[in-house]
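User: Here is a model I would like to understand term by term. Please tell me what stands behind each label.

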Amino acid sequence: MELDFIIDHKDFDMAGEASSSVKRTLSKLGAPPSAVKRTAISMYEAEINAFIHGGGGTAKVRIEPDKVEIIIKDEGEGIADLELAMQEGWSTADENIRRMGFGAGMGLPNMKKNADVLDIKTGRNQGTEVRMVIYMKSER
């Protein structure tokens, strides 16, 4: 099963809807609860990052019997220092975003913690592509 979503950076009320939809779909399909939870967390973090930092983007999700593959792309400025961005607590979110409860610097670390595979392609002024795989029967 393949699902496609648009992440509209202008519609704050829809931020997180793609990951919520995937979570509902996996639950209806009878996926293991741990895989549903890890998928929802990973995808939500990537979706919110694309919303806040990437000016929106797209999410493609492929659900197979043994895994979920998520690809989120944005056309933002890219991540200047990926190694630094992977550190817990590091964030470039502005004060307005922080006041809304976002920007704690846990997005990329939470993706790494919950996805079995995490590949990030990014570069200055090239946007960011995040690819994650969550295996249904992972020991995580």
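User: What do strand 4 and strand 5 form, and which residue in the turn has a positive phi?

Analyst: Strand 4 and strand 5 form a hairpin, with 5 residues between them. Asn125 sits in the turn and has a positive phi of about 60°. Strands and helices here are DSSP runs numbered from the N terminus (E, at least two residues, for strands; H or I, at least four, for helices). This is a predicted model, where local features need pLDDT of at least 70 and side-chain atom pairs count only at pLDDT 80 or more, while totals for chains, interfaces and linings use all residues. Residues are numbered from 1 along each chain as its sequence is written, and side-chain values use heavy atoms, with hydrogens and water left out.

User: How do you know that strand 4 and strand 5 pair?

Analyst: Two strands pair if DSSP finds at least two bridges between them. Strand 4 and strand 5 have 6, in the antiparallel sense, so the definition is met. Lys121 has Glu129 as its bridge partner in strand 5, and Ile120 stands opposite Val130 there.

User: What order do the strands of the sheet have, and which are the edge strands?

Analyst: The order is 1-2-3-5-4 in an open sheet of 5 strands, with antiparallel pairing. The edge strands are strand 1 (2-7) and strand 4 (117-122), each of which pairs on one side only. From one strand to the next, the twist averages 10°.

User: What makes the other strand pairs count as pairs, in numbers of bridges?

Analyst: Happily, every one can be set against that rule. Strand 1 and strand 2 (residues 57-63) run antiparallel and are joined by 6 bridges, with Ala59 of strand 2 as the partner of Phe5. Ala59 also has Ile72 as its bridge partner in strand 3, where strand 2 and strand 3 pair antiparallel over 7 bridges. Those two strands form a hairpin as well, with 3 residues between them. Between strand 3 and strand 5, which run antiparallel, there are 8 bridges; Asp74 is partnered with Thr128, and Val68 stands opposite Ile134.

User: Why are helix 1 and helix 2 called roughly antiparallel?

Analyst: Their packing angle is about 165°, with axes 8 Å apart. That makes helix 1 roughly antiparallel to helix 2, since an angle over 145 degrees counts as roughly antiparallel (under 35 is roughly parallel, 65 to 115 roughly perpendicular, the rest oblique). The axes are lines fitted to C-alpha atoms over the stretch in contact, and angles run from 0 to 180 degrees between N-to-C directions. The crossing is right-handed, meaning that the near helix is turned clockwise from the far one by less than a right angle.

User: Which residues make this contact, and what classes do they belong to?

Analyst: Helix 1 contributes Glu17, Ala18, Ser19, Val22, Lys23, Leu26 and Ser27, and helix 2 contributes Val36, Thr39, Ala40, Met43, Tyr44 and Glu47; contact means heavy atoms within 4.5 Å. By class, there are 7 nonpolar, 3 polar and 3 charged residues.

User: What makes helix 2 and helix 5 roughly antiparallel, and which hand does their crossing have?

Analyst: Their axes come within 9 Å and cross at roughly 155°, which makes helix 2 roughly antiparallel to helix 5. This crossing is left-handed. Among the residues in contact are Arg38 and Ile41 of helix 2 and Leu108 and Met111 of helix 5.

User: How do you know that Asp116 and Arg38 form a salt bridge?

Analyst: The N to O distance is 3.1 Å. A salt bridge needs a side-chain nitrogen of Lys or Arg within 4 Å of a carboxyl oxygen of Asp or Glu, so the pair qualifies. Asp116 lies in the loop between helix 5 and strand 4 and Arg38 in helix 2, so the pair ties together parts 78 residues apart in sequence. The whole structure has 8 salt bridges.

How values were computed: Nonpolar A, V, L, I, M, F, W, Y, C, P; charged D, E, K, R; others polar.
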